[in-house]
Amino acid sequence: MKKFLSIIALMSAMPAFSATLNLSGTIASSCVLNSVTPASYSTLNIAAGQTVVVGQTNVSCNSGAGYKLRASSLNNGRLVNSSSPNNSTLYTMKIFGAGTLNHVSLTTTAADLVNTGALTAPVTNELRNVEVVVTPVPVAWAGTYSDTVTVTLTAL
Amino acid sequence: MKIFMATLLIFSGLQAKADSLYISGTIAENIKTKIVFDKKKNQHTFSFGSNSDLSYQVVIDKYIAGNKQENMVNSITVDGKPLLLELQKLKISDYKVTIRSIE
């Protein structure tokens, strides 16, 4: 019993040691425009004008700050007759969904079509309709009228 | 090393990827011809119009009793103009009209 008590007394006299172990992990920020499909839409009604969905964007983003979808036009917002470049007609574009900025007349410089602001939850393969409104061509010359739109995603 | 890490962090927050979308529509070539008979003058009037910027050759051959009398009575070249803005009118009687586009 005396031995036991002396061991306890000895232990209580020893200094205590402690250390902290920090545990952490990181999920990298990733905001990606997966695709714009289809790559082409070739049945616009140029003569009469038209409002039509021409495709969809597919976005995945886990950044809480959100993202922007921007677009620029090769022909400065016009559908241009391939054989007579002087003949063209205007159009506007809208990408639907949260943060849409409604119809925008595109230029060769990228313009904002969507600004989500802060996201409430990550999005994976989020689809948004892309719509164009075609103004009827003033003089209905025969031919194919076209433009190439470049869509870009930028993380906020 | 710190500068390198900071650069990596900046790029991870500015990911961007572009994709392109080609949009187009077509207005078909539309050629219209019209032949009107004037009883008083006993004449036909031929009208031609096109919405194409192509040029056309209009060849008119004269026929009598089904037999071609001349290879080419009249031939005109028409620069394509929007329909109704410019019509070519010719007087014809018992003729066959051929229209050829010129590329």
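## Exercises on a predicted two-chain model

Buried residues make up 30% of the 156 residues in chain A. The model is a predicted one, and the exercises below work from its computed features.

**Exercise 1.** Determine how many helices and strands chain A has, in what pattern they follow, and why the chain is described as more spread out than a compact globule.

*Solution.* Step one is the count: chain A contains one helix and nine strands. Step two is the order along the sequence, which reads α-β-β-β-β-β-β-β-β-β. Step three compares the radius of gyration with the globule rule. For 156 residues the rule gives 15 Å, whereas chain A has 30 Å, well over that value, so the chain is more spread out than a compact globule. Step four turns to the box along the principal axes, which the C-alpha atoms of chain A fill at roughly 115 × 20 × 20 Å.

**Exercise 2.** Describe chain B by its elements, its buried share and its contacts 24 or more positions apart, and set the corresponding contact share of chain A beside it.

*Solution.* Chain B has one helix and eight strands, arranged from the N terminus as α-β-β-β-β-β-β-β-β. Of its 103 residues, 12% count as buried. Next, take the contacts with a separation of 6 or more: in chain B, 58% of them join residues 24 or more positions apart. For chain A the corresponding share is 77%.

**Exercise 3.** Establish which elements of chain A supply the side that touches chain B, and which strand of chain B pairs with S9(A).

*Solution.* Begin with the totals: the contact takes 41 residues from chain A and 23 residues from chain B. On the side of chain A, at least two residues each come from strands S1 (31–37), S2 (40–41), S3 (50–61), S8 (123–134) and S9 (143–155). S9(A) gives the most, with 13 residues. By character, the residues on this side of chain A divide into 23 nonpolar, 17 polar and one charged. The last step is the pairing across the chains: S9(A) and strand S1 (residues 18–27) of chain B pair in the antiparallel sense over ten bridges. Within this pairing, Asp147(A) has Ile23(B) as its bridge partner.

**Exercise 4.** Identify the residues with the most contacts inside the largest nonpolar core, and the elements that supply the core.

*Solution.* The core has 32 residues, and those with the most contacts inside it are Ile46(A), Met93(A), Val149(A), Val151(A) and Leu21(B). Its suppliers of at least two residues each are S1, S3, S4 (67–73), S6 (88–95), S7 (111–115), S8 and S9 of chain A, together with S1 of chain B. S9(A) gives the most to this core, with four residues. Finally, consider Leu21(B): leaving aside residues up to four places away in sequence, it touches Val36(A), Ala39(A), Val54(A), Gly55(A), Val130(A), Val149(A) and Val151(A).

**Exercise 5.** Explain why S6(A) is described as largely enclosed, and find the strands with which S6(A) pairs.

*Solution.* First, six of the eight residues of S6(A) are buried, so this strand is largely enclosed by the rest of the structure. Second, strand S5 (residues 78–81) of chain A pairs with S6(A) in the antiparallel sense over three bridges, with Val80(A) standing opposite Ser88(A). These two strands form a hairpin with six residues between them. Third, S6(A) also runs antiparallel to S8(A), to which five bridges join it. In that pairing Met93(A) has Val132(A) as its bridge partner.

Methods
Residues are numbered from 1 along each chain as its sequence is written. Chains are lettered from A and ligands numbered from 1 in the order in which they are written. This is a predicted model: local features need pLDDT of at least 70, side-chain atom pairs count only at pLDDT 80 or more; totals for chains, interfaces and linings use all residues. Two residues are in contact if their C-beta atoms, placed from the backbone, lie within 7 Å. Ala, Val, Leu, Ile, Met, Phe, Trp, Tyr, Cys and Pro count as nonpolar, Asp, Glu, Lys and Arg as charged, and the others, Gly among them, as polar. Two strands pair if DSSP finds at least two bridges between them. The radius of gyration is taken over C-alpha atoms; the globule rule is 2.2 Å times the number of residues to the power 0.38. A residue is buried if 20 or more other C-beta atoms lie within 10 Å of its own, exposed if 12 or fewer, and partly exposed in between; C-beta atoms are placed from the backbone. A nonpolar core is a set of buried Ala, Val, Leu, Ile, Met, Phe, Trp, Tyr and Cys residues joined through C-beta atoms within 7 Å.
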